Amino acid sequence: MTIEWLHPTLVLLAGTLILPLLKGRAMQAWMVLLPLLVLGLLTTLQPGVHGQFDFLDMTLTMLRVDALAMVFAWVFAIILLVGAIYALHVHDRFQHAAAFVYAASALGVVFAGDLITLYVFWELMALSSVWLIWRRKSDASFRSGFRYLIVHAFGGLLLLAGIIMYYLETGSITFEQIETRGPAFWLILVAFMINAAVPPLHAWLTDAYPEATITGAVFLSALTTKTAVYTLIRGYPGAEILVWMGAIMTLYGVTYAMLSNEIRRLLSYHIVSQVGYMVTGVGLGTALALNGAASHAFTHILYKALLFMGAGAVIYMTGKSKLSELGGLYRWMPWTFLLYMIGGLSISAFPLFSGYVSKTMIVEAAALDQRALIWLMVTMASAGTFLSVGLKLPWFTWLGRDSGLKPREAPLNMRLAMGLAAALCIMIGIMPGPLYALLPSPVDFNAYTLSVFLKEMQVLMFTGLGFFMLLKYLEGKDRITLDTDWLYRRLAPGLISTLAALITRTDQRLRQFIMERLTRMADVVERNYGKDGRLARSWPIGSMAMWTAIVLAMLLLFGIGRE
């Protein structure tokens with residue numbers, strides 16, 4: 001194997017095996033060096049197909065390198081480095097190993113050239129990522145982790161069934177655009193949509209991510225949904241259903257975010273909303289829209305990780321996660337507040353921040369495609385994003401009333417990781433050229449034209465004005481907000497209990513029926529073969545002689561015993 005196609009996933013998995021053997025400074029050094037090694041390896045990859053081999057009359061492709069794969073590979077490796085630095089103070093080696101395997105699996109998905117290889121890494125992502133939830137070691141995290149695993153197991157089953165049907169229909173397992181319109185098309189699409197958290201298949205995300213470990217949530221926010229976006233771009237560009245599902249996602253997420261009181265649940269709903277922009281771009285299918293989807297995935301990973309790191313720092317230093325319990329922290333955690341706001345301005349698509357140069361591509365693609373309603377929906381969602389993430393969360397966490405909490409500033413490694421992500425958000429916002437150069441198609445778009453700038457600033461300024469006018473109605477309230485997860489968190493247990501009771505009753509009745517029949521059979525046997533039964537009675541000599549003659553006559557008649 002030459003260096004031109006040494007698989008980054010294999011290197012990362014091999015390096016992860018060393019991690020549990022290390023302690024202290026050695027472990028921390030390796031946690032930083034390994035992502036840097038992967039970043040260096042990415043610079044050596046040559047475009048093309050590498051690492052092919054035959055398996056059961058199918059050709060598997062471990063490593064397909066092209067522009068689309070590299071966009072996601074670069075940002076996955078970057079966020080692995082950022083997340084590793086953020087987690088340096090954590091001594092849970094198992095959690096670190098799970099995070100690195102999770103990142104390796106995500107890289108395996110984006111480099112997979114066939115559906116079988118994709119499926120293997122797809123499932124490994126689910127199995128490794130769930131430990132980032134369970135390692136919080138709370139009752140809520142255990143329960144949400146199991147729900148998370150069940151949903152992803154179901155999605156994996158759909159994906160496997162779709163791959164088998166696709167192979168039977170086409171005779172190919174190459175992962176390109178899924179053009180067949182049979183059952184395989186829909187099974188694979190739904191499997192991808194589950195991981196993309198498309199409503200109503202999204203509740204696993206907003207259920208599990210707030211219960212994850214503080215450092216694990218950073219990786220979760222970056223990888224699962226964005227690998228799904230990659231697969232949609234690769235397999236379903238131009239699928240009309242995705243235009244509408246994505247636009248609904250953008251509004252659905254911001255609506256529930258406005259109702260959320262828990263800071264990481266609020267941010268989780270905004271993953272749903274922001275991924276909605278990417279899904280819309282995939283559905284539009286134009287070069288500008290697909291470039292927008294890929295670039296927005298790149299910028300989203302960075303600013304969303306920054307937001308989760310800021311929220312995680314607050315939880316780590318205060319032990320509180322609800323807006324109704326926080327307030328006035330800017331005096332005690334000024335650096336965390338400042339770095340969080342860079343993420344907040346980025347996700348809100350403020351000019352000179354990263355989200356602006358990617359989100360506007362999708363919005364403009366909808367306008368150029370003459371999708372007026374879609375354009376209106378994603379623009380309204382943009383206002384809701386600024387309202388909840390850029391204003392509501394920081395106001396009630398760091399500003400507003402004084403909660404009386406006086407925490408220390410976050411540890412240095414946390415601030416360094418946030419600073420690195422924040423610097424990238426600003427650099428991309430000011431100089432989008434390097435990002436645009438990575439995209440799969442040539443970019444003919446300028447985010448800083450006067451028309452695009454003015455449209456975005458109008459939305460942001462009016463949203464800011466509305467926030468301060470309605471401030472008293474936006475305060476966090478400790479309440480329960482029902483979402484589609486109610487179906488399997490409340491309804492499903494009831495249905496399972498009912499089904500279990502039905503099975504128990506059926507089992508009891510079946511046992512009773514069988515015992516009654518066995519008792520009757522025993523009575524018949526007793527009547528005939530018991531000591532007082534018919535066959536036990538003494539027979540007269542005449543009757544015995546008659547039956548002996550009849551038996552001998554039958555033997556002679558049928559020739560039994562003849563040679």
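**Salt bridges, rings and helices: the reasoning**

Modeller: A search of the whole structure finds 10 salt bridges. The model is predicted.

Biologist: Why is the contact between Arg135 and Asp92 called a salt bridge?
Modeller: The closest N and O atoms of Arg135 and Asp92 are 3.0 Å apart. The cut-off is within 4 Å, so the pair qualifies. Arg135 lies in the loop between helix 6 and helix 7, and Asp92 in the loop between helix 3 and helix 4, so the bridge ties together parts 43 residues apart in sequence.

Biologist: What makes Asp92 buried and Arg135 partly exposed?
Modeller: Buried means under 20% relative accessible area. Asp92 has 16%, so it counts as buried. Arg135 has 24%, which falls between 20% and 50%, so it is partly exposed.

Biologist: How do you know that Arg147 and Asp207 form a salt bridge?
Modeller: Their N to O distance is 2.7 Å. The limit is 4 Å, so the pair counts. Arg147 sits in helix 7 and Asp207 in helix 9, so the bridge ties together parts 60 residues apart in sequence. Both residues are buried.

Biologist: Why does the pair Arg331 and Asp402 count as a salt bridge?
Modeller: The distance is 3.8 Å, N to O. That is within 4 Å, so the pair passes. Arg331 is in the loop between helix 13 and helix 14, and Asp402 in the loop between helix 16 and helix 17, 71 residues apart. At 47% relative accessibility, Arg331 is partly exposed. Asp402, at 49%, is partly exposed too. Each value lies between 20% and 50%, so neither residue is called exposed.

Biologist: Which residues do salt bridges with shared partners join into one network?
Modeller: Arg136, Glu211 and Arg265.

Biologist: Now the rings. How many aromatic pairs are there?
Modeller: The count is 21 aromatic pairs. Phe175 and Phe192 form one of them.

Biologist: Why is the pair of Phe175 and Phe192 called edge-to-face?
Modeller: The centres are 6.2 Å apart, and pairing requires them within 6.5 Å, so the rings pair. The planes meet at 65°, and over 60 degrees counts as edge-to-face, so that is the label. Phe175 is in the loop between helix 7 and helix 8, while Phe192 is in helix 8, 17 residues along the chain from Phe175. Phe175 has a relative accessible area of 0%, so it is buried. Phe192, also at 0%, counts as buried. Both belong to one aromatic cluster with Trp122, Phe185, Trp186 and Tyr236.

Biologist: How do you know that the span of helix 15 agrees with expectation?
Modeller: Its 15 residues should span 21 Å at 1.5 Å a residue. The end C-alpha atoms are 22 Å apart, which agrees. Of the 15 residues, 13 are buried, so helix 15 is largely enclosed by the rest of the structure. Just after it, Gln370 takes a positive phi of about 60°.

Biologist: What is the reach of helix 7, from its first C-alpha to its last?
Modeller: Its 32 residues reach 46 Å, close to the 46 Å expected. Gly171, just after helix 7, has a positive phi of about 75°.

Biologist: What makes Met427 eligible for the nonpolar surface patch?
Modeller: Met427 has a relative accessible area of 46%. Patch residues need over 30%, so Met427 clears that bar. Met427 sits in helix 17. Its patch partners are Leu352, Ile426, Ile430, Met431 and Tyr448, and together the patch has about 550 Å² of accessible area.

Definitions and conventions: Residues are numbered from 1 along each chain as its sequence is written. This is a predicted model: local features need pLDDT of at least 70, side-chain atom pairs count only at pLDDT 80 or more; totals for chains, interfaces and linings use all residues. Side-chain values use heavy atoms; hydrogens and water are left out. Patches are made of residues with over 30% relative accessible area and no salt bridge: like charges are joined within 9 Å, nonpolar side chains (Val, Leu, Ile, Met, Phe, Trp, Tyr) within 5 Å. Accessible areas come from the Shrake-Rupley method with a 1.4 Å probe; for residues, only the protein chains shown count as cover. A salt bridge is a side-chain nitrogen of Lys or Arg within 4 Å of a carboxyl oxygen of Asp or Glu. Helices (H or I, at least four residues) and strands (E, at least two) are DSSP runs, numbered from the N terminus. Buried means under 20% relative accessible area, exposed over 50%, partly exposed in between (1.4 Å probe, protein chains only). Rings of Phe, Tyr and Trp (its six-membered ring) pair if their centres lie within 6.5 Å; planes under 30 degrees apart count as stacked, over 60 as edge-to-face and the rest as tilted. The expected span of a helix is 1.5 Å times one less than its number of residues.
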